[in-house]
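I opened my notebook today to look up two things: charged side chains that pair up, and empty space inside the protein. Here is the model I worked from.

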Amino acid sequence: MCGVVGYVGPRQAGPILLDGLQRLEYRGYDSAGLAIHNGSGMSLHKVVGRVQRLRELLDADPVPGSSGIGHTRWATHGRPTEENAHPHLDCDGEIALVHNGIIENADQLRSRLTPGGHSFRTETDSEILAHLIEDATGSTLEERVARALPHVEGTYGLAVVSRSEPGKIVVARKGSPILLGLGDGEYFVASDAAAILEHTRSVIYLDDGDIAAVTMAGYSIVDGYAQVQDRIVSDIDWELGTVELGWAPHYMLKEIFEQPETVLSTLRGRLRPDEGTARLHGLNLSAAQAAAIERVVIVACGTSWHAGLIGRQVIEQLAALPVQVEYASEYRYQPQLALPNTLTVGISQSGETADTLEAMRAARRAGSRVVGIVNVVGSTIAREADGGIYLHAGPEIGVASTKAFTSQITALLLLGLHLAHARGVPTDEGRELVREMLEIPARIEQVLRLNTRIRDIARIYADAGNFLYLGRGVNFPVALEGSLKLKEISYIHAEGYPAAEMKHGPIALIDENMPVVFVAPTDPVYQKVVSNIQEVKARGGRIIAVCTEGNDDLRALVDHQLWVPAVPPLLSPLVTVIPLQLLAYHIAVLRGCDVDRPRNLAKSVTVE
Ligand code: G6P
């Protein structure tokens with residue numbers, strides 16, 4: 001959840017590290033810090049809060065040096081104070097390190113190190129690593145890191161520097177991502193590629209157990225058995241524009257508006273209109289294997305879990321397979337029954353969510369085939385899965401997920417079509433759906449034109465204390481997602497409910513101060529939703545309805561209507577969620593909230 005960046009080369013490290021940290025801030029923003037080596041000594045700078053404060057500090061008093069490491073933190077062990085900010089030092093300030101992950105045996109290690117004279121300055125688990133390396137023997141920093149790490153239980157993406165070995169960074173990976181960036185006579189280290197995209201597109205994703213030493217002269221990698229490794233160099237095909245704000249005041253708004261393009265990217269080259277299905281080579285699932293599947297289990301967290309709920313309806317309807325959708329954090333601790341003939345699908349934008357990863361591992365142990373629906377290429381889930389579907393939505397920087405959600409739904413539709421075809425389900429419905437899916441980017445474009453009107457509605461409700469979101473069928477998860485978006489970024493309490501279930505509790509909350517958002521496109525449950533709208537109306541609730549273009553029936557019942565284009569019911573979440581994303585965005589902006597970096601949240605949750 002923290003961001004790690006490092007640089008060795010001929011240029012000044014400070015500005016490169018600061019730019020990298022700013023791009024990684026979405027991973028955590030409680031505090032930031034860096035250590036820079038100028039060839040004869042190492043200087044350390046830390047601040048509580050945003051990277052911008054660190055930049056101001058260094059602007060006022062520039063720190064020369066051409067190698068260094070930096071960190072932006074999402075606090076797990078220890079409060080977000082300056083002491084607890086990374087980099088952490090050993091006793092003499094010889095070793096400095098930045099760490100993403102969790103050291104599970106921190107308390108035991110601390111008790112073991114304390115009698116040897118080590119004194120700890122922070123409440124963090126990460127600091128212990130610096131002391132372990134201090135104690136380790138070896139003639140080079142990489143040797144000492146290699147001897148220290150076997151004592152550690154937990155996860156790490158680690159970058160370490162030593163005062164006596166200027167111009168060298170040692171990195172290590174176990175469970176938390178870390179990559180090397182290969183420039184022209186210069187090298188980078190980062191927890192994700194966004195940090196270094198402006199300098200290089202060539203990266204090496206380290207494997208678990210790898211330890212690499214990086215200097216201006218090159219890099220070397222050994223695996224957990226000290227065997228020298230030649231890892232593949234990958235090319236990143238993201239455009240720099242995808243990690244820059246450009247015209248938009250916030251990443252979230254930019255990403256909402258990217259959705260016509262990002263949904264198209266998820267579809268590109270995969271639809272087979274003639275056969276009414278989808279080509280998904282990355283799944284690594286032969287026709288015989290697909291035909292043998294008897295059930296699907298979806299595991300995910302947060303917004304990805306909401307996409308999973310939609311995926312359930314998609315796969316059940318298209319492929320006639322029973323689907324179970326599980327919170328990954330719960331699933332991983334349930335007793336695992338044997339899972340023969342089961343396809344487990346992990347959905348994760350980041351591909352690093354610890355609970356999703358562990359749930360997938362548990363399913364594999366129980367005998368399931370495991371695939372991932374992932375956005376970040378080369379991420380841990382993508383690498384561990386038997387196969388998968390990449391979203392190709394480009395980097396999502398806003399902490400509140402938007403474009404990844406619509407691409408996840410799109411990928412699940414592709415999966416549904418693919419499984420249906422492999423299982424011999426008649427293809428007529430598939431052909432029609434494929435035709436309609438090709439139109440979806442244009443339909444989303446149309447919905448985005450509601451932006452100004454939604455901003456006007458947001459002005460009316462920006463001071464509300466509570467919100468209720470209701471929907472049915474495939475739009476119930478959309479109601480959940482709308483309410484999650486609002487609470488994440490505006491801090492307004494919001495609940496999502498199946499519209500009819502409202503009668504069993506939430507209806508008690510409804511009065512003239514309770515805005516209720518109905519997701520009510522024209523579909524097989526529309527009339528049922530209208531009854532639920534009546535129930536809210538009868539109790540004086542204020543109603544915003546997302547409904548299908550041309551539907552004028554609700555005029556007398558609701559306070560505000562937001563019309564979205566008509567699409568087949570299974571595709572409707574792709575258009576109904578857009579107004580809810582925009583509503584949450586505008587309300588949060590009007591309330592003066594930090595939309596892209598909401599308090600306490602992190603983009604990529606690599607702790608359980
Ligand atoms: C965090 C993010 C959410 C995201 C969830 C799952 O809570 O703030 O936006 O939906 O993690 O993340 P994943 O990367 O697995 O989709």
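**Entry 1: E186 and R11.** I began with E186 in this predicted model, and I wanted to know whether E186 is buried or exposed. E186 has a relative accessible area of 8%, and since the cut-off for buried is under 20%, E186 counts as buried. Its partner is R11, with 2.9 Å between the closest N and O atoms of this salt bridge. I then traced where the two sit: E186 is in the loop between β9 (179–182) and β10 (187–190), while R11 is in the loop between β1 (3–8) and α1 (13–24). The pair therefore ties together parts that lie 175 residues apart in sequence. R11 is partly exposed, at 34% relative accessibility.

**Entry 2: R163 and E94.** Next I looked up another loop-to-loop pair, R163 and E94. Their side chains form a salt bridge at 3.6 Å, N to O. R163 belongs to the loop between β7 (156–162) and β8 (168–174), and E94 to the loop between β5 (88–89) and β6 (95–100), so parts 69 residues apart in sequence are tied together. I noted R163 as partly exposed at 35% relative accessibility, and E94 as buried, its relative accessible area being 15%.

**Entry 3: a pair within a helix.** Which helix holds both E481 and K485? I found them in α16 (residues 476–490), 4 residues apart, or about one turn of the helix. Their side chains meet in a salt bridge of 2.7 Å, N to O. Both E481 and K485 are buried. I also wrote down a network: E25, R50, D594 and R597 are joined by salt bridges that share partners. My count of salt bridges came to 33.

**Entry 4: empty space.** How many cavities of 30 Å³ or more does a search of the whole structure find? I got 3. I picked the second largest cavity, which holds about 80 Å³ of space. Two elements each give two or more residues to its lining, α13 (403–422) and α14 (428–448). The largest share, 3 residues, is from α13. Listed in full, the lining is G276, L318, L417, A420, H421, V425, P426, T427, E429 and G430. Sorted by class, I have 5 nonpolar, 4 polar and 1 charged residues around the second largest cavity.

Key: Residues are numbered from 1 along each chain as its sequence is written. This is a predicted model: local features need pLDDT of at least 70, side-chain atom pairs count only at pLDDT 80 or more; totals for chains, interfaces and linings use all residues. Side-chain values use heavy atoms; hydrogens and water are left out. On a 1 Å grid over the protein atoms alone, a cavity is a set of points where a 1.4 Å probe fits but cannot get out, and a pocket is an open set with protein on both sides within 12 Å along at least five of seven lines; lining residues have an atom within 4 Å of a point. Grid points are joined across faces, edges and corners, and a volume is the space filled by probe spheres set on the points. Ala, Val, Leu, Ile, Met, Phe, Trp, Tyr, Cys and Pro count as nonpolar, Asp, Glu, Lys and Arg as charged, and the others, Gly among them, as polar. A salt bridge is a side-chain nitrogen of Lys or Arg within 4 Å of a carboxyl oxygen of Asp or Glu. Buried means under 20% relative accessible area, exposed over 50%, partly exposed in between (1.4 Å probe, protein chains only).
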